[in-house]
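Work through the exercises below with the coordinates open. Each task is followed by a solution in steps.

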Amino acid sequence: MNRSRTSLAAALGAAALVASLAAAPTAFAAPAPAPESVQPAAATSTSSYTGGDQAANRQFFDAVMKSALKKQAAQPGIQVVTVRYSTTRAPSFRTQIAQSTQIWNSSVSNVKLQESSSGADFSYREGNDSRGSYASTDGRGHGYIFLDYRQNQQYNSTRVTAHETGHVLGLPDHYSGPCSELMSGGGPGTSCTNAYPNAQERARVNSLWAAGVAVLKDQGELTKIR
């Protein structure tokens with residue numbers, strides 16, 4: 001295993017984060033009820049806003065990074081990895097999605113989230129699900145963030161969306177953390193409205209995606225990303 005590959009593996013194995021930095025975005029305006037419940041496809045791993053699965057977090061991040069790196073393999077000298085997403089299946093949450101991706105794009109420098117009408121690395125979906133909002137992947141390069149109507153009425157919707165987007169960028173859940181920590185999710189309760197990652201979370205994402213860029217530059221290793 002070469003050094004860039006080793007650094008990526010080491011970065012992905014680091015412990016959950018702790019924190020301090022808060023801000024309050026606008027409140028959520030509830031969308032219309034969903035016509036039907038949405039369940040993830042068979043053999044999918046999920047990680048919920050109020051009860052997560054660290055293995056699912058890792059699987060989601062791996063799938064998105066591999067997809068993004070493969071698309072940019074032909075760009076010599078690349079410094080920032082662009083992760084493309086689709087909102088076509090979450091029209092009621094386009095404002096919250098735009099706010100959360102803007103928050104992340106202004107917070108980190110080694111990865112950029114960009115809406116795309118085709119070739120998306122992951123998508124957002126909306127509906128009703130008893131598990132609430134979650135990030136889900138089948139581990140084969142297909143992943144999505146599901147935004148539950150009821151939960152987004154109970155909790156600050158931009159925080160929920162930004163938190164789930166944090167899984168795309170490689171961050172694990174840490175429900176025992178304070179409100180100032182984005183990845184504490186629903187742990188601090190419904191009164192928490194902070195939708196911004198703290199300094200440690202920002203640094204962690206930058207480190208993870210810098211390692212990804214290193215892999216991208218090593219064409220021998222890139223051929224192993226499937």
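A disulfide is taken here as a pair of cysteine sulfur atoms within 2.5 Å. The model is a predicted one.

**Exercise 1. Find the disulfide, give its geometry, and classify each partner as buried, partly exposed or exposed.**

Step 1. Apply the cut-off to the sulfur atoms. Cysteine 179 and cysteine 192 have their sulfur atoms 2.0 Å apart and form a disulfide. The structure holds one such link.

Step 2. Place the partners. Cysteine 179 and cysteine 192 both belong to the loop between α5 and α6, 13 residues apart.

Step 3. Take the torsion. The angle about the S-S bond is 85°, and the link of cysteine 179 and cysteine 192 is right-handed.

Step 4. Use the accessibility limits: under 20% is buried, over 50% is exposed, and in between is partly exposed. Cysteine 179 has a relative accessible area of 27%, so this residue is partly exposed. Cysteine 192 is at 4% and therefore counts as buried.

**Exercise 2. State how many helices and strands the protein has, and in what pattern they follow one another.**

Step 1. Count the elements: seven helices and six strands.

Step 2. Read along the sequence. The pattern is α-β-α-β-α-β-β-β-β-α-α-α-α.

Step 3. Add the totals for the protein. Of its 226 residues, 51% count as buried. The exposed area is about 9,700 Å², with 51% of it supplied by carbon and sulfur atoms. Among contacts with a separation of 6 or more, 72% join residues 24 or more positions apart.

**Exercise 3. Describe the largest nonpolar core: which residues touch the most other members, and which elements contribute?**

Step 1. Recall the general tendency. In soluble globular proteins, nonpolar side chains tend to be buried together.

Step 2. Pick out the best-connected members. The largest nonpolar core has 37 residues, and those touching the most other members are Val83, Trp104, Phe122, Tyr124, Ile145, Val205 and Trp209.

Step 3. Assign the core to elements. Two or more residues come from each of α2 (54-71), β2 (81-89), α3 (94-107), β3 (111-115), β4 (122-127), β6 (143-148), α5 (157-168) and α6 (199-217). Helix α2 gives the most, with six residues.

Step 4. Follow one member outward. Beyond four places in sequence, tyrosine 124 is in contact with residues including Tyr85, Ile97, Ser100, Ile145, Leu147, Thr161 and Thr165.

Step 5. Look back from one of these partners. Threonine 161 is found in helix α5. At 0% relative accessibility, threonine 161 counts as buried. Leaving out residues up to four places away, threonine 161 touches Gln96, Ile97, Ser100, Tyr124, Leu147 and Asn152.

**Exercise 4. For tyrosine 134, serine 67 and serine 106, decide whether each is buried or exposed and find a polar contact of its side chain.**

Step 1. Tyrosine 134 is placed in strand β5 (residues 134-137). Its relative accessibility is 1%, so tyrosine 134 counts as buried. The tyrosine 134 side chain makes a polar contact of 3.4 Å with the side chain of aspartate 129. The C-alpha atoms of tyrosine 134 and glutamate 164 are separated by 6.4 Å, although the two residues are 30 apart along the chain.

Step 2. Serine 67 has its place in helix α2. With a relative accessible area of 14%, serine 67 falls under the 20% limit and is therefore buried. The side chains of serine 67 and aspartate 121 make a polar contact at 2.6 Å.

Step 3. Serine 106 is found in helix α3. Its relative accessible area is 58%, so serine 106 is exposed. A polar atom of the serine 106 side chain lies 2.9 Å from the backbone oxygen of isoleucine 103.

**Exercise 5. Find where pLDDT is under 50, and which element has the lowest mean.**

Step 1. Start from the average. The mean pLDDT of the protein is 76, and 67% of its residues reach 70 or more.

Step 2. Locate the weak stretches. Residues 1-45 stay under 50, and the model has 110 contacts for them beyond four places in sequence. Residues 219-226 are also below 50, with 16 contacts beyond near neighbours in sequence.

Step 3. Compare elements. Helix α1 (residues 3-12) has the lowest mean pLDDT, 36, and α3 the highest, 98.

Technical notes:
Residues are numbered from 1 along each chain as its sequence is written. This is a predicted model: local features need pLDDT of at least 70, side-chain atom pairs count only at pLDDT 80 or more; totals for chains, interfaces and linings use all residues. Side-chain values use heavy atoms; hydrogens and water are left out. A nonpolar core is a set of buried Ala, Val, Leu, Ile, Met, Phe, Trp, Tyr and Cys residues joined through side-chain atoms within 4.5 Å. Buried means under 20% relative accessible area, exposed over 50%, partly exposed in between (1.4 Å probe, protein chains only). Helices (H or I, at least four residues) and strands (E, at least two) are DSSP runs, numbered from the N terminus. Contact means heavy atoms within 4.5 Å. Accessible areas come from the Shrake-Rupley method with a 1.4 Å probe; for residues, only the protein chains shown count as cover. A polar contact is a pair of N or O atoms within 3.5 Å; within protein, one must be able to donate a hydrogen and the other to accept it, and residues adjacent in sequence count only if both atoms are side-chain atoms. pLDDT is the predictor's confidence in each residue, from 0 to 100.
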